[in-house]
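Me: I'd like a close look at a single part of this protein, with enough of the surroundings to see how it sits in the whole. Could you walk me through one helix and then whatever else helps?

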Amino acid sequence: MPAVDDASGDLPVTGSVAVPAAALNWRFSRSSGPGGQGVNTADSRVELSVAPGELPGLTDSQRARLAQRLGDRLVDGVLTIAASEHRQQLRNRQAARERMAAVLRAALAPPPPARRRTKPTRGSKERRIEAKKQRGQLKKQRRTWD
């Protein structure tokens with residue numbers, strides 16, 4: 001098994017889901033912005049692509065959740081993450097892997113439990129009615145003038 005910070009190998013997402021290394025597609029290009037002597041020669045920008053709907057080991061509900069939550073980020077069913085914040089390609093590869101895992105982990109997370117509806121308390125009802133009565137009294141006082 002490769003080290004956690006390794007930029008190759010399978011990408012662990014959750015305890016039961018991992019993206020196989022063969023499903024990860026890498027593209028490298030020149031990063032924009034300032035640099036040194038190697039700015040015109042180093043392909044340090046990294047794009048990591050994966051088709052989340054085709055990952056092995058996902059249940060039908062997980063596939064549906066991925067499609068629904070990542071729908072606007074998918075282009076032809078492929079999710080692409082770009083990283084160019086570091087000068088070294090290896091560090092950008094690690095950053096892209098971490099970001100991809102975080103996006104997939106968030107998309108696979110189960111929905112939060114539904115909110116339990118509660119009734120207003122007796123005290124809050126009484127305070128609301130009392131405030132309405134005071135406001136009405138104030139307006140009533142403004143109406144009449146001798």
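Reply: Let's take helix α2, and start with what it hides: Asn92, Arg93, Ala95, Ala96, Arg97, Met100, Ala101, Val103, Leu104, Ala107 and Leu108 are all buried. Keep in mind that this is a predicted model.

Look at how those positions are spaced. An α-helix has 3.6 residues a turn, so residues three or four places apart point the same way. With that in mind, try stepping along α2 through Asn92, Ala96, Met100, Leu104 and Leu108, which are among its buried residues.

And what do the buried residues of α2 pack against? Quite a list: the strands β1 (11-12), β2 (18-19), β3 (25-29), β4 (45-50) and β5 (79-83), plus helix α1 (60-69).

The length of the helix checks out too. α2 covers residues 89-108, and because each residue should add 1.5 Å, its 20 residues ought to span 28 Å; the C-alpha atoms at its ends are indeed 28 Å apart.

Now zoom out a bit. The protein has three helices and five strands, and along the sequence they come in the order β-β-β-β-α-β-α-α. Of its 146 residues, 24% count as buried. If you take the contacts with a separation of 6 or more, 62% of them join residues 24 or more positions apart. As for the surface, about 10,900 Å² is exposed, with 51% of that coming from carbon and sulfur atoms.

Two of the strands that α2 packs against, β3 and β4, deserve a quick visit. Glu47 lies in β4 and counts as buried because its relative accessibility is 16%, under the 20% cut-off. Its side chain has a polar contact with the side chain of Arg45, at 2.6 Å. Setting aside neighbours within four places in sequence, Glu47 touches Asn25, Trp26, Arg27, Thr80, Ile81 and Ala82.

Trp26, one of those partners, belongs to β3. At 23% relative accessible area, Trp26 is partly exposed. Here's a nice example of a link across the sequence: Trp26 and Ser49 are 23 residues apart in the chain, yet their C-alpha atoms are 6.5 Å apart in space.

One last stop is the loop between α1 and β5, where you'll find Asp76. Asp76 is exposed, with a relative accessible area of 78%. Its backbone is worth a look as well: phi is positive, about 55°, although Asp76 is not a glycine.

Note on methods. Residues numbered from 1 in each chain as written. Predicted model: local features only at pLDDT ≥ 70, side-chain atom pairs only at ≥ 80, totals over all residues. Heavy atoms only, no water. Helix = DSSP H or I, 4+ residues; strand = E, 2+ residues; numbered from the N terminus. Expected span 1.5 Å × (residues − 1). Buried < 20%, exposed > 50% of the residue type's maximum accessible area, 1.4 Å probe, protein only. Contact = heavy atoms within 4.5 Å. Areas by Shrake-Rupley, 256 points an atom, 1.4 Å probe, with all protein chains shown as cover. Polar contact = N/O pair within 3.5 Å; in protein donor to acceptor, adjacent residues only side chain to side chain.
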